[in-house]
Amino acid sequence: MEAPPEVAPPRPRFRRRKLIAILAAIAVAAGAFAAWEILRARSIGEVYAMSHLAAGAQIPLQGTITGIARENTSYGPRVYLQLDHSTVCGGPSSGDVLGDPNASYRIGDSYGTTLHLQSFTINGDPAVWTPQLVCHFPALERAIGEVMDAVSAVDHVRLVYNGTDAGLWSHYEILTENGDGFRPDILPVVLLKALPVQGANPELPAGGPIDSAARFQTLAGLLYLEMSGAVGGPFFGFDVADRMLSLSAGTSSNGTLRFVDGNGNGLADSGDRIDVHLPSSVPSNTWNVYLLEVGDFSSAARTYAGGVHVILAGPGGPLEVPLPDRTAPVIDFRYAGSTGGSLVNTTIEVSRVHGAAPALSIVQVSVTTGTETVATPLSGLPTTFPNGATLSFSDANGDGRLDSGDRFTMQNIGNHTVIRLVLQATNAMIGAGAWIAGWGPIIGTPPYWVAFQMQGTNPWRATATVVSWSPELALNGTLRATLMENGGPVLSNVTLANGTGRAFANGTLTFTDADGDGFLSTGDFFSLQGNSANRYVLEVWYLFNSRWFALSV
C-alpha cells in the first residue's frame, strides 16, 4: 500500500506576518483609545477630580445645564452655569462655569467649552486654574465673604461696595441696623491683607502650586479659619496693611483708608462710607484677599457696633456686586412710635431700601418678643403669638413690594418688651432691627462687660468698671436697679440717675455719676447704708428688665 503524501508544515514567515498584523491592529486600537481618552470632553466632576494641572493645557468640557444665575459685578455682567447638578460650590445660584453674559441659556441644554489653564498667584501663593470656571476659585473666597457679611449684619454695621471712582478709591457704604448712628471716635478701622499659606498645611507644601480643585478647597478652608480668628483676635495669617485709630481720624496712617461722613452729622450711619485705595500696579495674574474691619470684636475691648467685609481684589480691582445691583437688598427700619399703657401697640416702618425692592411674596419674617418667636412668610401676616400679641403688615402704596413707608405693627405687647424683627429673601438676611416696645430702638450690641468691685463695710461701696461705652448705659434711660434684703425686694425698678437716693426700712441706696458724663462708666458707684447683720443683693438691669448684672453684699 502506498503511503499518503506528506503535508508541508506552515511557513514560519507567514506566521510572523500574521502576528505582526495582529499586534499592529492592537497598537492602532490602543493608540486610538489613548487619543480619545486624551481628547474627549470631560464632565465637570472629572475636572474637579484632576490633580497637578499644568498652565497652558486645554481641557474640553461637556455637560448639561442644570442651573443659571446672573449678576452685575464690578467686572461687568456675569452669568454662572451649573452643570450636571454639581453642588460643590453651593448649587445653581453659584454655578460652575462662567458663561457668555450676552448668550441665552436654558435648563436642560447641552453645554460645551474648552478650559484654558493659566498660572496666577493668590495671596502670593502660585496657582493654576482656568478663568472659565468660577468654582472653586473665586467662588469659595466669595462664599467666605458672604459669611463675614452675615457676621457684620449681626454686629449692626454692614460694609457694602458701591463703586470705584476715577482715582481708584473703592467706596464701601456703611449701612446700619434701624438706620442707627454710632460714635466714630470709638470705632477703629483696620485693613488686613492675607499672607501666603504654603507650607502651613501638608496638602499645600512649600514650593508646590495650588493646582487642583482639592487644593483650592484646602486653601479656602485655611483662609476661613485664619479670617475667623482675625475678627476680634490676633491677626494670624494676615498683615496689617493700614489702620485708623478711629473713624474720627478721617484718614489712615498709610493713606489707603478714609472715612466720609456723607450727611455731615458727626456720626457713623447709613449713607456714610469707608473708602479703600488698593495698590493700582497689580500684575494681570495676581489676586489678593483683604479683610476690612470697623470696630473692635475682641472680648477685652468689644465696641458696641462693628462690621467686617472681605475684599477679593484682582487685576481689575475688587470683584464685588455694587449696592444698586444686589439681588438681595438691604432694608432700613424706623421706630414709628408706640401707644397704650401696660400693653402697647408698636409700629416699625421701612424707611429705606438699598437695592431693588423685593416682592412681598418672597419675603420671610421672623419676630421674637421676649422668649417667643414666630416665623412666617410675609404673606402669612397677620399672625398671633401664644401670649395674645399680634403682628400685622401694611403695604402702604399697594405695589406688592417691600419698600419705603410699609409698616409692621405689634399689638397688645407688654410695655418694655424687647422686639427683634428679621427679614429674609433670596436665601439672605435683608433686614433686621431691635426695639423696646413703648420706648424705642436698641442701638448696637448691649453692654456685656460691666463689673462692680465691693469696698468698705456699712456703708458698702460698689464701684463700676466698664470696658466699652454703650448708649444703653445712659443714665435716666433703660438702666434700673433692684435691691434685695435677706432674699426679699426692698427697692425695685429704680431708675439710675446721678445722686439717686432711695430709702428703705433699714437704710439707703445712692448712685453717684463720678465723672458727670451722664453714663454708667468706670469709677461710678453705688453706696449702700444698711444693717450689718443682713445680706443684700444689688441687681443692675439694662434694657429695663432684659439684661442684668448682680452683686452680693
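Which residues do ring pairs link into a cluster? In this predicted model, the cluster joined by ring pairs is made up of Tyr75, Phe120, Trp129, Phe137, Phe216 and Trp287. The number of aromatic pairs in the structure comes to 19. Among them is the pair of Trp460 and Tyr536, with ring centres 5.9 Å apart. The planes of these two rings stand at 50°, so the pair is classed as tilted, given that planes under 30 degrees apart count as stacked and those over 60 as edge-to-face. The two residues come from distant parts of the chain, 76 residues apart. Trp460 belongs to strand 27, which covers residues 460-466, and Tyr536 belongs to strand 33, which covers residues 536-542. Trp460 has a relative accessible area of 12% and is therefore buried, as the limit for a buried residue is under 20%. Tyr536 has a relative accessibility of 0%, so this residue is buried as well.

Aromatic rings also meet charged side chains. Arg183 is placed over the face of Trp469, at 4.5 Å from the ring centre. Arg258 is placed over the face of Trp169, and here the distance from the ring centre is 4.0 Å. Both arginines also take part in salt bridges, Arg183 with Asp185 and Arg258 within a network.

Side chains of opposite charge can pair when their charged atoms come close. The model contains 13 salt bridges. One of them joins Glu177 to Arg420, with 3.2 Å between the closest N and O atoms. This pair connects distant parts of the chain, the two residues being 243 residues apart. Glu177 is located in the loop between strand 8 (170-176) and strand 9 (189-194), while Arg420 is part of strand 23, residues 418-425. With a relative accessible area of 7%, Glu177 is buried, whereas Arg420, at 28%, is partly exposed.

In the salt bridge between Asp185 and Arg183, the distance from N to O is 2.6 Å. Asp185 is partly exposed, with a relative accessible area of 39%. Arg183 is likewise partly exposed, at 26% relative accessibility.

A further salt bridge is formed by Glu349 and Arg334, whose closest N and O atoms are 3.2 Å apart. Here, too, distant parts of the chain are linked, with 15 residues from one partner to the other. Glu349 lies in strand 17 (residues 343-354) and Arg334 in strand 16 (residues 330-340). The relative accessibility of Glu349 is 15%, so this residue counts as buried. Arg334 is partly exposed, at 37% relative accessibility.

The network that includes Arg258 consists of Asp165, Arg258, Arg273 and Asp275, linked by salt bridges. Two of the strands in a four-stranded sheet contain residues of this network: Arg258 falls within strand 11 (257-260), and Arg273 and Asp275 fall within strand 12 (residues 273-276). The sheet is open, its strand order is 7-8-12-11, and the pairing is antiparallel. Strand 7 (157-164) and strand 11 form the edges, each pairing on one side only. On average, neighbouring strands of this sheet are turned by 25° against each other, with direction ignored. Strand 11 and strand 12 are joined by four bridges and run antiparallel. Within this pairing, Leu257 is opposite Val276 of strand 12.

Another set of paired strands is centred on strand 31, residues 507-512. Strand 30 (residues 501-504) pairs with strand 31 in the antiparallel sense, over four bridges. These two strands form a hairpin, with two residues between them. Arg502 has Leu509 of strand 31 as its bridge partner. Strand 31 is also joined to strand 32 (residues 525-529), through five bridges and in an antiparallel arrangement. In this second pairing, Thr508 stands opposite Gln529 of strand 32.

In a regular strand the side chains alternate between the two faces of the sheet. In strand 31, the covered face carries Gly507, Leu509 and Phe511. The uncovered face of this strand carries Thr508, Thr510 and Thr512. Leu509, the bridge partner of Arg502, thus belongs to the covered face, and Thr508, opposite Gln529, belongs to the uncovered one.

Conventions. Residues numbered from 1 in each chain as written. Predicted model: local features only at pLDDT ≥ 70, side-chain atom pairs only at ≥ 80, totals over all residues. Heavy atoms only, no water. Phe/Tyr/Trp six-rings, centres within 6.5 Å; stacked < 30°, edge-to-face > 60°. Buried < 20%, exposed > 50% of the residue type's maximum accessible area, 1.4 Å probe, protein only. Lys NZ or Arg CZ within 6 Å of the ring centre and 35° of its normal. Pairing = 2+ DSSP bridges. Salt bridge = Lys/Arg side-chain N within 4 Å of Asp/Glu carboxyl O. Axes fitted to C-alpha atoms, helices over the stretch in contact; angles between N-to-C directions.
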